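Colleague: I have a new model on my screen. Can you show me how to read it, one feature at a time?

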Amino acid sequence: IAATGLLWVAGGVLHVAAPILLQSRGRGLVSGVGTLLAVTASGMVAGSLLLAARGGGKSPWGRTALGLAGAGAALVAFARAGRAGVDLSLAFSAGVFVALLLVTTEAALQQAIAAETRARVFALRDFAARLLVLLSAALSGWILGRGLLRPEWAVIGAGALLLVGAVVLGLMAAARSRTARGAA
């Protein structure tokens with residue numbers, strides 16, 4: 001739940017900062033955002049299909065860390081890129097990694113939570129996701145609207161947040177793996 005929370009915080013920042021970035025890059029607000037969203041969604045479809053074809057494989061902790069790292073790196077690169085073709089390829093790859101993150105965390109939650117508490121846990125998760133997006137978008141709008149931070153740096157910060165989450169989850173995955181090997 002924390003990993004998806006990081007994703008929604010970054011998404012709120014991107015919701016505010018990406019249109020400003022696209023407009024400053026001369027792409028047009030509506031067509032630029034719409035195209036970027038369509039390409040990201042296509043990447044999510046591709047990521048879901050890839051994960052379904054390859055199966056679970058590694059631990060959910062490792063896959064979640066990989067999803068966070070890939071999405072975070074794509075955001076940082078997007079903030080610095082500035083060319084349409086590069087932006088679109090980064091949006092597609094971000095979609096692949098976001099799908100990896102969302103599918104993996106959904107499956108892990110389904111397995112980890114007792115059937116009688118799933119409704120409450122998933123309702124709380126959905127509420128928290130919406131709240132995090134709204135709060136991070138509102139805070140980003142306030143900060144960017146006052147010129148306290150450039151949009152590029154807001155997106156880099158959002159990407160860095162995901163990368164830090166990936167490192168923490170990667171360390172947790174390694175610790176769990178060592179513990180499991182020690183118990184065996």
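Modeller: We will go through the salt bridges, the core, one helix pair and a few single residues. Keep in mind that this is a predicted model.

Colleague: Let's start with charges. How many salt bridges does the structure hold?

Modeller: The general idea is to look for a side-chain nitrogen of Lys or Arg within 4 Å of a carboxyl oxygen of Asp or Glu. Here, the structure holds three salt bridges. R125 pairs with E106, at 2.6 Å from N to O. That pair links distant parts of the chain. R125 sits in helix α5, residues 118–145, and E106 sits in helix α4, residues 84–112. The two are 19 residues apart.

Colleague: Which residue forms a salt bridge with D126?

Modeller: R125 again, with the closest N and O atoms 3.2 Å apart. The third case is E152 with R150, where the closest N and O atoms are 3.3 Å apart. Salt bridges that share partners join E106, R125 and D126 into one network.

Colleague: Is R125 buried or exposed?

Modeller: Read the relative accessible area. Under 20% is buried, over 50% is exposed, and partly exposed lies in between. R125 has 16%, so R125 is buried. E106 has 28% relative accessibility, so E106 counts as partly exposed. D126 is partly exposed too, at 31%.

Colleague: And what about E152 and R150?

Modeller: E152 is buried because its relative accessible area is 17%. R150 is partly exposed, at 48%.

Colleague: Now the inside. How many residues does the largest nonpolar core have?

Modeller: For a core, look for buried nonpolar residues joined through side-chain atoms. The largest nonpolar core here has 30 residues. Those with the most contacts inside it are L68, L75, F78, V155 and L162.

Colleague: Which elements give two or more residues to this core?

Modeller: They are α1 (2–24), α2 (29–54), α3 (60–81), α4, α5 and α6 (151–183). The largest share, nine residues, comes from α1.

Colleague: Take F78. What does F78 touch?

Modeller: For contacts, set aside residues up to four places away in sequence. F78 then touches L14, A18, L21, L22, R25, L36, D87, L90 and V155. V155 is also among the residues with the most contacts inside the core.

Colleague: Next, helix packing. At what angle do α1 and α5 pack?

Modeller: Read the angle, the axis distance and the handedness together. α1 and α5 pack at about 35°, with their axes 8 Å apart. Their crossing is right-handed.

Colleague: Which residues in α1 meet α5?

Modeller: On the α1 side they are T4, G5, W8, V9, G12, V13, V16, A17 and I20. On the α5 side they are R125, A129, L132, V133, S136, A137, S140, G141 and L144. By class, this contact has eleven nonpolar, six polar and one charged residues. R125 thus turns up twice, here facing α1 and earlier in a salt bridge with E106.

Colleague: L144 is on that list. Is L144 buried or exposed?

Modeller: L144 is found in helix α5. Its relative accessible area is 13%, so L144 is buried. Leaving aside neighbours within four places in sequence, L144 is in contact with V16, A17, I20, L149, R150, P151 and A154. Now check sequence against space. L144 and V16 are 128 residues apart along the chain, yet their C-alpha atoms are separated by 8.4 Å.

Colleague: Where is W142 found?

Modeller: W142 is found in helix α5 as well. W142 is partly exposed, with a relative accessible area of 43%. Its C-alpha atom is separated from that of V16 by 9.9 Å, with their positions 126 residues apart along the chain.

Colleague: And F97?

Modeller: F97 is found in helix α4. At 25% relative accessibility, F97 counts as partly exposed. Beyond residues up to four places away in sequence, F97 touches L66, G67, G70 and A71.

Colleague: One last residue. Where does R146 lie?

Modeller: R146 lies in the loop between α5 and α6. R146 is exposed because its relative accessible area is 51%. R146 and V167 are 21 residues apart in sequence and 32 Å apart in space, C-alpha to C-alpha.

Note on methods:
Residues are numbered from 1 along each chain as its sequence is written. This is a predicted model: local features need pLDDT of at least 70, side-chain atom pairs count only at pLDDT 80 or more; totals for chains, interfaces and linings use all residues. Side-chain values use heavy atoms; hydrogens and water are left out. Helices (H or I, at least four residues) and strands (E, at least two) are DSSP runs, numbered from the N terminus. Buried means under 20% relative accessible area, exposed over 50%, partly exposed in between (1.4 Å probe, protein chains only). A nonpolar core is a set of buried Ala, Val, Leu, Ile, Met, Phe, Trp, Tyr and Cys residues joined through side-chain atoms within 4.5 Å. Contact means heavy atoms within 4.5 Å. Axes are lines fitted to C-alpha atoms, for helices over the stretch in contact, and angles run from 0 to 180 degrees between N-to-C directions. A crossing is left-handed if the near helix is turned anticlockwise from the far one by less than a right angle, and right-handed if clockwise. Ala, Val, Leu, Ile, Met, Phe, Trp, Tyr, Cys and Pro count as nonpolar, Asp, Glu, Lys and Arg as charged, and the others, Gly among them, as polar.
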